[in-house]
Amino acid sequence: MTLRKRFGRAVPYVLLIITVLPVIVGYFWLILSSFSISTEGLRSTGFTLSNWSFLRGSPFGRGYPSIWKVTLNTFVVAIGMTIAVIVVSSLAGYALSRLNFPGRKSFLSLTLILHAFPSVTLLIGIYFVLRTLKLYNTVLGVGLVMIGFELPFGIWLMKGFFDNVSWDMERAAMIDGASRLRVWGEIILPTIKPGIAALAIFAFISGWNAWLIPKTFTIGAGQQATLSVYLENFRGDTVAVQWGAVTAVGLFQLIPVAIFFIFTQDLLLSIYAGGAKGGT
Amino acid sequence: MKVKLENLSKRWGKVVGADHINLDINDGEFVAFLGPSGCGKTTTLLMVAGIYKPTEGNIWFDNQVVNYMTPKDRNIGMVFQSYALYPHMNVFQNISYPLKLKKVPKNDMRERAQRVADMMGIGHLMDRRPAQLSGGQQQRVALGRALVKEPQLLLFDEPLSNLDARLRLSMRGEIKRLVIELGITAIYVTHDQVEAMTMADRIAVMKEGKLQAYDPPDELYDQPRTLFVAGFVGNPPMNFLEVEVSRKNGDYHAHREKFDAIVPTEQGEKTAGKGNVIMGIRPEDITISDEGVGGEIYVVEPLGRDDLVTVQIGEAIVHVLADPVLGLKMGQNVTLDFSTHKVQFFDPQTEKSLLWAE
């Protein structure tokens, strides 16, 4: 192999390493810091487990929820969101893909606009809606808002998957004697399983990591807080930021997402590659 | 079961799928819908299946109008070009799905599915997924699924198009035999005229949503009612020449530039003195002989059993099937005999046959 060829081969690797390096360093520091008394750059000043003390009792004193209550809240939001988004998106996506009804076109373009709409601009309006419905500062309220923001994406994604299922299969099932609902549930849904799985992962992760909406529609690190909001409490106005504790909670929050990613990498790849790879 | 289509039309806004189709199908008859793609044959089939609702007209099953009956109540079986097998189910589940929906008891279901699968020669593949089967096997599963509920009407939508040539030939025979043995009324949609000719009792030729002809294969072949039917049915296709027919010395002659052929009296009587008409003659009905119309061979294409010879006569091009023994060569001069009673004549305006018009 000539030197030139060898050099050519190395180039992509070098580029990849350079771009990924900051991220890797970031994670390295995160882990290091969570087990250190303090850090000086990338050097630890000593090992400690005290940063993880939030796992037992509340670091903020009485009246504040324990980490487990907050974790439960986050799970409720993320899983509730996943289920609601899947159910609504797969029904709406099917209807938009297969049925011809008045207003179909405008509904499609409207959801697309909603998807592109910056959600920040709606926060104040939604605040009034939630307060009127007595859902302000509740996990339910936060969940509903997040579902609403996730749906346009979910519906479009599912419509795309349904579009890829052949009409013949649906017709065959109807001739075999299935009702429209059974065709949807027994024939079409199983063939787009990868799409559903991928949407589930997206919805779960966006629910799990959400900060803006829980932060806006709950009060501080109260009983209704989610992990991201809870994390923010370590940054007080009057005390110095406890970076060790912040990194430990951050790492704690990362665990479920990391587990999710490990098990679903293939499915995520198939959705990024642009569609169902058949249901076999 | 008898099927009757009465003034059946399907329109989507201005797009016409099927245009006033009228035809009867007898009990146990095998009918083919034949036509180029986009001619409305699949549209018509899907209306019979109940997937599309007719815009106009009626569909009769025996003595009942079924326009608004759902597909599942029609007791039909259908085989699709793409097979449309359910990829997440194994062969057994695919075949037994119609029975499951009918709530047939488990044991009964297993027995019936197995019987159909054995009949189709796939009884040993029950645990496989469709993706693990060859095209031919998938086709058999699709057939089994259509047959398992013992339908009164079988619909085929180009079922052999996705198979390779050799398999297509054997499946063609098998489907024909199966349908005849079971005595089920069948409608078979195809764009392949050989399939239609070989399998069907009667062929409905369609073009642009309209029914062009509805005849048994031999009649369609020997007595085409329209120019389109004549050109569409038969391979290699019929030759068409614009000629004028007149009577000379007791014989009828068809003539054009550098072309003069004697026409049988029966045909001549119906076409003489009508000005320009279109003469149609099949490549196999032209013979190369010592006397007749002279021309030059443009190209020779060996087909194995015959040679397809293209002959230039003045401005006109004529295809002839010739015996390879003759050893014809490009550029050679030949004389062609057109004097066959199988010669056809059509009106150039209406494109209808001048011989078989009703």
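I take buried to mean under 20% relative accessible area, exposed over 50% and partly exposed in between, with a 1.4 Å probe and protein chains only. The model is predicted, so I kept in mind that local features need pLDDT of at least 70 and side-chain atom pairs count only at pLDDT 80 or more, while totals for chains, interfaces and linings use all residues. Residues are numbered from 1 along each chain as its sequence is written, chains are lettered from A and ligands numbered from 1 in the order in which they are written, and side-chain values use heavy atoms, with hydrogens and water left out.

**Entry 1: salt bridges within the chains**

I searched the whole structure for salt bridges (a side-chain nitrogen of Lys or Arg within 4 Å of a carboxyl oxygen of Asp or Glu) and found 18 over all chains. In one of them the side chains of Arg98(A) and Glu170(A) meet at 2.4 Å, N to O. Arg98(A) lies in helix α2 (residues 67-98) of chain A and Glu170(A) in helix α6 of chain A, so this pair ties together parts that are 72 residues apart in sequence; I took helices (H or I, at least four residues) and strands (E, at least two) as DSSP runs numbered from the N terminus. Arg98(A) counts as buried at 8% relative accessibility, and Glu170(A) is buried with a relative accessible area of 1%. I also noted that Arg98(A), Glu170(A) and Arg180(A) are linked in a network of salt bridges.

I then looked at Glu186(A) and Arg182(A), whose side chains meet in a salt bridge of 2.8 Å, N to O. These two residues are four apart in helix α7 of chain A and hence separated by about one helical turn. Glu186(A) is partly exposed at 22% relative accessible area, and Arg182(A) counts as partly exposed at 28%.

In chain B, I looked up the salt bridge between Glu56(B) and Arg11(B), at 3.0 Å, N to O. Glu56(B) lies in strand β4 (residues 56-61) and Arg11(B) in strand β1 (residues 3-12) of chain B, so the pair ties together parts that are 45 residues apart in sequence.

**Entry 2: chain A against chain B**

Here I counted contacts (heavy atoms within 4.5 Å) and found 17 residues of chain A in contact with 24 residues of chain B. The two chains bury about 1,900 Å² between them, 64% of it on carbon and sulfur atoms, where buried area is the accessible area (1.4 Å probe) that two parts lose on being put together, summed over both. Arg171(A), Ile175(A) and Asp176(A) supply 36% of the area that chain A buries against chain B, more than any other three residues.

Which residue forms a salt bridge with Asp176(A)? I found that Arg145(B) does, with the closest N and O atoms 3.6 Å apart, and the rule finds one salt bridge across this interface. On the side of chain A that touches chain B, α6 (167-176) and α7 (180-191) each supply at least two residues, and α6(A) gives the most, with eight residues.

**Entry 3: the two domains of chain A**

Chain A is divided into domain 1 (3-48) and domain 2 (54-272), bounds that come from an automatic or database domain assignment. Their C-alpha centres lie 32 Å apart, and six residues of domain 1 are in contact with six residues of domain 2. The two domains bury about 510 Å² between them, 81% of it on carbon and sulfur atoms, and the rule finds zero salt bridges across their interface.
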